[in-house]
Amino acid sequence: MADRIVTCRYLKAFNTQCTAEAIDPDGEAVICARPAAEVMRTVSDAQAKPREKGRS
Ligand SMILES: [Zn+2]
């Protein structure tokens with residue numbers, strides 16, 4: 001196993017590469033804690049929402 005630090009693959013706005021250390025270098029999503037937390041929050045928010053029809 002390489003001993004290098006694997007950095008986040010997440011691209012911030014304007015294609016700026018995030019340089020934080022990835023939380024799981026061998027994981028499917030090589031990202032740091034910040035976007036991971038955002039994704040988890042988005043998923044739980046979406047699941048908590050009642051499904052309403054005809055709303056825009
Ligand atoms: Zn990051």
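Biologist: Is Asn15 buried or exposed?

Modeller: This is a predicted model, so keep that in mind. Asn15 sits in the loop between β1 and β2. Within 10 Å there are 6 other C-beta atoms, and the cut-off for exposed is 12 or fewer. Asn15 is therefore exposed.

Biologist: And what is the phi of Asn15?

Modeller: Asn15 is not a glycine, yet its phi is positive. The value comes out at about 55°.

Biologist: Which other residue has a positive phi, of about 60°, although it is not a glycine?

Modeller: Look in the loop between β1 (11-12) and β2 (16-17). The residue there has 5 C-beta neighbours inside 10 Å, so it counts as exposed. The one with a positive phi of about 60° is Phe14.

Biologist: In what order do the elements of the protein run?

Modeller: The secondary structure comes to one helix and two strands. Reading from the N terminus on, the order is β-β-α.

Biologist: Fine, on to the helix. How far apart are the end C-alpha atoms of α1?

Modeller: Helix α1 covers residues 33-48. At 1.5 Å a residue, its 16 residues should span 22 Å. The model agrees with that, because the end C-alpha atoms of α1 are 22 Å apart.

Biologist: How many of the 16 residues of α1 are buried?

Modeller: Take Ala33, which lies in α1. Ala33 has 12 other C-beta atoms within 10 Å and is therefore exposed. The helix as a whole is hardly covered, and its count of buried residues is zero.

Biologist: How far is Ala33 from Val6 in space?

Modeller: In sequence, Ala33 and Val6 are 27 residues apart. Going C-alpha to C-alpha, the distance between Ala33 and Val6 in space is 13 Å.

Biologist: What share of the contacts with a separation of 6 or more comes from residues 24 or more positions apart?

Modeller: For a contact, the C-beta atoms of two residues have to lie within 7 Å. Counting contacts with a separation of 6 or more, the share from residues 24 or more positions apart is 9%.

Biologist: What is the radius of gyration of the protein?

Modeller: The C-alpha atoms fill a box of roughly 50 × 25 × 15 Å along the principal axes. A compact globule of 56 residues would come in near 10 Å. The protein itself has 16 Å.

Biologist: Last one: what percentage of the residues count as buried?

Modeller: Being buried takes 20 or more other C-beta atoms within 10 Å. Of the 56 residues of the protein, the portion that counts as buried is 7%.

Definitions and conventions:
Residues numbered from 1 in each chain as written. Predicted model: local features only at pLDDT ≥ 70, side-chain atom pairs only at ≥ 80, totals over all residues. Helix = DSSP H or I, 4+ residues; strand = E, 2+ residues; numbered from the N terminus. Rg over C-alpha atoms; globule rule 2.2 N^0.38 Å. Expected span 1.5 Å × (residues − 1).
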